[in-house]
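Trainee: Could you take me through one part of this model in detail? I would like a close look at the loop with the unusual backbone angles, and at the sheet beside it in the chain.

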Amino acid sequence: MPVIHFKLPDGTVKSIEGAVGTPVMFLAKDNGIDQILAECGGCCSCATCHVHVDPDWFPKLPEMSEDELNMLEFAEGQDDTSRLSCQLIIAEELDGLVVNVPESQY
Ligand code: FES
């Protein structure tokens, strides 16, 4: 299974195996990454699953939908590496993906 590396605000890294087809958000929630709130449950309507993707990985991700792009405007600290983790679906090609978890979602 692909491994996703979550860099937490305190500098620690949680490396977690995730099943292909699972949103990165659910992997985070199921493994106690509390900074990912995901209040809408993955419907792309809250922006509280915001992460910053490692710049080396960002270009390798599938393109954002317009919905994700619009919703990201509500994410605190949004920048060029921002994605919504509920919209990032684990795939074999994403084995080793590094995401930086923000300290706060608001
Ligand atoms: S969980 Fe709400 S936008 Fe991702």
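**The sheet and the loop before β3**

Mentor: Start with the sheet in this predicted model. Five strands make up an open sheet, ordered β2-β1-β5-β3-β4, and the pairing is mixed. The edges belong to β2 (13–17) and β4 (82–84). Each has a single partner strand, so one side of each lacks a neighbour in the sheet. Neighbouring strands are turned against each other by 35 degrees on average, direction ignored.

Now take β3, residues 50–53. It runs antiparallel to β5 (residues 98–100), and 2 bridges join the two strands. H52 has N100 in β5 as its bridge partner.

Next, the loop. It lies between α1 (24–30) and β3 (50–53), and A38 is found there. C44 is in the loop between α1 and β3 as well. Look at their backbones. Most residues other than glycine have a negative phi. A38 is not a glycine, yet its phi is positive, at about 55 degrees. C44 also has a positive phi without being a glycine, with a value near 60 degrees.

Then check their surroundings. A38 has 22 C-beta neighbours inside 10 Å, and the cut-off for buried is 20 or more, so A38 counts as buried. C44 has 16 other C-beta atoms within 10 Å. That count falls between the limits of 12 or fewer for exposed and 20 or more for buried, so C44 is partly exposed.

Put the loop together. A38 pairs a positive phi with a buried position. C44 pairs a positive phi with a partly exposed one.

Definitions and conventions
Residues numbered from 1 in each chain as written. Predicted model: local features only at pLDDT ≥ 70, side-chain atom pairs only at ≥ 80, totals over all residues. Helix = DSSP H or I, 4+ residues; strand = E, 2+ residues; numbered from the N terminus. Pairing = 2+ DSSP bridges. Axes fitted to C-alpha atoms, helices over the stretch in contact; angles between N-to-C directions.
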